[in-house]
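Hi there,

Here is the structure I promised to pass on. Have a look at it first, and my notes on what turned up follow just below.

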Amino acid sequence: MKVDLQQQCLLYGFISNPTEVPSNPPNTIKKSDIRGILGSNDCPSVSKAKKFEEGDPKRVFGIQLVDREIEVLALSSESFFNWTDGLRVWLGGQPQEKENRDELKSLTDMFIAVRFLHLTGITLPDEPPPVRTHLYATIVRFFTHSVFLL
């Protein structure tokens, strides 16, 4: 799953191997079609299942659409929380995990501080400075052709 460049659609594809990463997922979900994010306990397959391996039900989340639901199995608990909170923020909500809330607050504070730097007399150029390719090539050559003794 990934968000398109215009951040208006969620692109997804079905995979059979967890290490498989499709370059162009074939299916799309419009942001406006998403009604909500379902936690593990709200997903029908989890509530109907008799027996899961340890930790499996905690990694399933659902994307509730206008006409259907899509259930997703995250690779890890951390991935589960990142996806569910990320989707909530993308839809205009707030993250549920404390770590994600703190990280979002930190990024927002940093963004605001950079935007107001001009009020303190510090100006940032509109364009990034040019990269000196000769210096870069010299550094790369030094590290790729040098032998370090430890």
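Leu 10 has Ile 29 as its bridge partner in S3. On the S1 side, the residue standing opposite Leu 10 is Val 3. Please keep in mind as you read that this is a predicted model.

Those pairs belong to an open sheet of three strands, ordered S1-S2-S3, with antiparallel pairing. Strand S1 (2-3) and strand S3 (27-30) are at the edges with a single partner strand each, so one side of each has no neighbour in the sheet. Between S2, which covers residues 9-12, and S3, the antiparallel pairing runs over four bridges. Leu 11 is placed opposite Thr 28 of S3. S1 and S2 are also antiparallel, and their pairing rests on two bridges. The hairpin that these two strands make has five residues between the strands, and Gln 7 there adopts a positive phi near 60°.

Which way do the side chains of S2 point, and are they buried or exposed? Cys 9 and Leu 11 point one way, Leu 10 and Tyr 12 point the other way, and all are buried.

Lys 2 is a useful residue to look at next, since you will find it in strand S1. Its relative accessibility is 37%, so Lys 2 counts as partly exposed; the limits for that class are 20% and 50%. Lys 2 and Tyr 12 are 10 residues apart in sequence, with 6.6 Å between their C-alpha atoms.

Now to the helices. Thr 84 sits in helix H2, which spans residues 77-90. Why does Thr 84 count as buried? Its relative accessible area is 2%, and the cut-off for buried is under 20%. A polar atom of the Thr 84 side chain lies 3.3 Å from the backbone oxygen of Phe 81. Leaving aside residues up to four places away in sequence, Thr 84 touches Ile 37 and Phe 61.

Helix H3, residues 98-115, holds Leu 107. Leu 107 is partly exposed, at a relative accessible area of 48%. Which residues join Leu 107 in a nonpolar patch on the surface? They are Met 110, Val 114, Ile 122 and Leu 124, and together with Leu 107 they have about 480 Å² of accessible area.

Finally, some totals for the chain as a whole. The secondary structure consists of four helices and six strands, and along the sequence these follow the pattern β-β-β-β-α-β-β-α-α-α. Of the 150 residues in the protein chain, 23% are buried. Among contacts with a separation of 6 or more, residues 24 or more positions apart account for 36%. The chain exposes about 11,900 Å², and 58% of that comes from carbon and sulfur atoms.

If you open the model with a single place in mind, I would suggest Leu 10, with Val 3 opposite in one direction and Ile 29 as bridge partner in S3. After that, Thr 84 with Ile 37 and Phe 61 makes a good second stop, and the patch that includes Leu 107 and Met 110 a third.

Happy viewing, and do write back with any questions!

Best wishes

Terms used
Residues numbered from 1 in each chain as written. Predicted model: local features only at pLDDT ≥ 70, side-chain atom pairs only at ≥ 80, totals over all residues. Heavy atoms only, no water. Pairing = 2+ DSSP bridges. Buried < 20%, exposed > 50% of the residue type's maximum accessible area, 1.4 Å probe, protein only. Patch = residues over 30% accessible without salt bridge, like charges linked within 9 Å, V, L, I, M, F, W, Y side chains within 5 Å. Areas by Shrake-Rupley, 256 points an atom, 1.4 Å probe, with all protein chains shown as cover. Salt bridge = Lys/Arg side-chain N within 4 Å of Asp/Glu carboxyl O. Polar contact = N/O pair within 3.5 Å; in protein donor to acceptor, adjacent residues only side chain to side chain. Contact = heavy atoms within 4.5 Å.
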